[in-house]
Amino acid sequence: SYAGKQLARYWFRTGTVTDRAAPAPPRIVGAAYSFRAFGCGPAELIRVNLTPPKDARTPAAQIRYEIDVRETHLGRTRHLRFAHSPPYAGKAAVYLGHHMCSGIFRLTRGARYRIRVRSVDWAGNASRWSAAVTRVAK
């Protein structure tokens with residue numbers, strides 16, 4: 001609880017067993033590039049569909065994803081790695097790019113994107129990386 005602007009007390013319960021088991025790695029089952037012009041700005045995305053994550057202690061809707069992206073364009077490579085929570089509970093998909101109002105980063109036209117994903121559970125255990133998929137931003 002808070003007293004004024006300072007945290008006065010905080011408590012939580014934990015189980016008696018430490019979760020050291022990593023979740024099952026996701027499998028990429030499809031990836032597609034899309035571009036749509038909207039009134040307040042364009043949406044340019046690569047949607048990466050995944051198999052639903054499985055973990056013994058973390059519900060599927062609470063699994064986070066770590067995404068590893070290598071963008072190659074005109075002989076230059078940029079490496080990005082970031083965490084991503086599924087935007088819709090229970091949907092096993094991650095989006096790269098820019099929605100009409102905001103996004104993780106702007107895609108580069110003509111660039112190749114090599115994408116890998118891994119699952120991270122509540123305890124911070126990370127799965128192995130998925131096999132990579134490559135898509136081109138048109």
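**Note on the Leu-74 loop and its sheet**

1. Leu-74 lies in the loop that joins strand E5 (64-73) to strand E6 (76-84), strands being DSSP runs of E with at least two residues, numbered from the N terminus. This is a predicted model, in which local features need pLDDT of at least 70, side-chain atom pairs count only at pLDDT 80 or more, and totals for chains, interfaces and linings use all residues. Residues are numbered from 1 along each chain as its sequence is written, and side-chain values use heavy atoms, with hydrogens and water left out.

2. The phi of Leu-74 is near 55 degrees, a positive value in a residue other than glycine. Most residues other than glycine have a negative phi. Leu-74 is also exposed, with a relative accessible area of 75%, where exposed means over 50% and buried under 20%, with partly exposed in between (1.4 Å probe, protein chains only).

3. On either side of this loop, E5 and E6 pair in the antiparallel sense over nine bridges, pairing being assigned if DSSP finds at least two bridges between two strands. Within this pair, Val-69 has Leu-80 of E6 as its bridge partner.

4. Both strands belong to an open sheet of four strands, ordered E6-E5-E8-E9 with antiparallel pairing. Its edges are E6 and strand E9 (133-136), each of which pairs on one side only. From one strand to the next, the twist averages 25 degrees.

5. For the chain as a whole, there are nine strands and zero helices, and buried residues make up 38% of the 138 residues.

Notes: Axes fitted to C-alpha atoms, helices over the stretch in contact; angles between N-to-C directions.
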